[in-house]
Amino acid sequence: MNIFGTIYKVMLIGSSHGNMVGAVIDGVPPNEEISIEQINEDLKRRAPGQSKVTTERKEGDSLIIEAGILNGKTTGEPIVAFVRNRDVDSSYYDEIRDTPRPGHADYPAYVKYKGANDYRGGGRFSGRMTIGLVIAGSIAKQILKRHNVEIIAYTKEIGGIVAEPEVVEENFIFSDENIVRVANRSSIQSIVDAILKAKEEGDSLGGVVECQVMGLPVGVGEPIFDSIESKLAHIAFSIPATKGIEFGSGFRAARMKGSEHNDPYVVEDDKIRTLTNNAGGILGGLSNGMPVVFRIAFKPTSSIKKKQTTINKETGQQVDLKVRGRHDPCIVPRAVPIVANAAAIVMLDLFLKGGFLHRR
Ligand SMILES: Cc1cc2nc3c(=O)[nH]c(=O)nc-3n(C[C@H](O)[C@H](O)[C@H](O)COP(=O)(O)O)c2cc1C
């Protein structure tokens, strides 16, 4: 399926090297002020060619809104928004049609679609498909902000180097100002060096993005199938290269005792909160008033220049492959704004489902 969401529904359209890529968004609340500049800003943060640690591919991802926003406000009709694909070089993808890249979707996609899928630039399996998520998420974030919900994301780890965030609120801006998007000044150089070293070796690195959703009222989320965790995990795995997601203490919870893991309730400034946040702000699938905290693990980029073994589909022979073309040595810095905006899509959908948008 190409549609995500129950009320705020996002359909991703286009493909990597086709005419355009973007989203059709249904269920958008009417009369909401939307800054196109802000959407373009988010797209710029996702775009490649930003620094020496991303691919040199340049994409002037400039937004086109065909419907749904008039005079700066949502009209209530579906929003149709996309960017044109430029700086496209599909020639290499013709070369590797018969030799699927290990770690990419080439082989299963070829079998599933009987070779008819748009294979250029990875087609629907390209990281470029996340442009629609960024657009829909940017709109959702702007609406949520008016309800005091703030979403921040930053790089938590790359190539095994962990960058614990310093004070988060200040660091949101800070993490946006360094090319690897960490929220910890002392880790920037070692992470940049690690990425550049992997790039030089024709290799790639993976890592972890952490995201925090702050300011949610208590009770957002629907029990069982539409729990906050279910919805965030669902959208997380729609971001290519995602390999795992954890909430709060995550897998560490399995090694803790109840007395360590439970978050004690306290009253502070007449508000109920918890002293710790092992729950990651979610209990029973519902927000408990603490920040929703989750981490997504991204694998290392599969298209690498280093020699790998694959097969030639035509001859059935085993062959060597060195992937050419312009690829990210590590997609994590570019994934940071995608994760935050994907979370915004989930939160707005759950806000609408729970009737929270009208409780202002
Ligand atoms: C922002 C972004 C950029 C990406 N860039 C590349 C890339 O340059 N080269 C590549 O091989 N994969 C890249 N990927 C990952 C592939 O799209 C992904 O690994 C592939 O579709 C297979 O899907 P899977 O890893 O989820 O199984 C990127 C992913 C994202 C989110």
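How do the residues of the shell around the ligand divide into nonpolar, polar and charged? They comprise eight nonpolar, eleven polar and three charged residues. The structure on display is a predicted model, and the tour below begins at this shell.

**First stop: the ligand**

Select the ligand and display what surrounds it. The surrounding residues number 22. Phe125, Gly127, Pro240, Ser303 and His327 are the closest of them. Colour helix H9 next: with three residues, H9 gives the most to the shell around the ligand.

**Second stop: helices H9 and H4**

Keep H9, which spans residues 332–353, and add helix H4, residues 130–145. The axes of the two helices are 7 Å apart, and H4 and H9 pack at an angle of about 55 degrees. Angles from 35 up to 65 degrees fall outside the roughly parallel and roughly perpendicular ranges; H4 and H9 are therefore oblique to each other. The crossing in which H4 passes H9 is left-handed.

To view the contact, show side chains on both helices. On the H4 side, select Thr130, Leu133, Val134, Ala136, Gly137, Ser138, Ala140, Lys141, Ile143 and Leu144. On the H9 side, these meet Pro337, Ile338, Asn341, Ala342, Ala344, Ile345, Met347, Leu348 and Phe351. The residues of this contact divide into 14 nonpolar, four polar and one charged.

**Third stop: the five-stranded sheet**

Remain with H4 and reveal the strands it lies across: S2, S3, S4 and strand S7, residues 79–84. Relative to S3, H4 runs at about 40 degrees.

Now select the whole sheet. It is open and has five strands, ordered S1-S2-S3-S7-S4, with antiparallel pairing. Its edge strands are S1, residues 3–4, and S4, residues 63–67, each of which pairs on one side only. In general, strands of a sheet pair through backbone hydrogen bonds.

Which strand do six bridges join to strand S2? Strand S2, residues 9–14, is joined in this way to strand S3, residues 20–26, and the two run antiparallel. To locate one such pair, select Lys9 and its bridge partner in S3, Asp26.

**Last stop: the hairpin of S12 and S13**

Finally, move to strand S12, residues 265–268, and strand S13, residues 271–274. Four bridges pair these strands in the antiparallel sense. Select Val266 and look opposite, where Arg273 stands in S13.

How many residues lie between S12 and S13 in the hairpin they form? There are two residues between them. In the turn, select Asp269, which has a positive phi of about 50 degrees.

Terms used
Residues numbered from 1 in each chain as written. Predicted model: local features only at pLDDT ≥ 70, side-chain atom pairs only at ≥ 80, totals over all residues. Pairing = 2+ DSSP bridges. Contact = placed C-beta atoms within 7 Å. Axes fitted to C-alpha atoms, helices over the stretch in contact; angles between N-to-C directions. Parallel < 35°, antiparallel > 145°, perpendicular 65-115°, else oblique. Left-handed = near helix turned anticlockwise from the far one by under 90°. Nonpolar A, V, L, I, M, F, W, Y, C, P; charged D, E, K, R; others polar. Near = placed C-beta within 6 Å.
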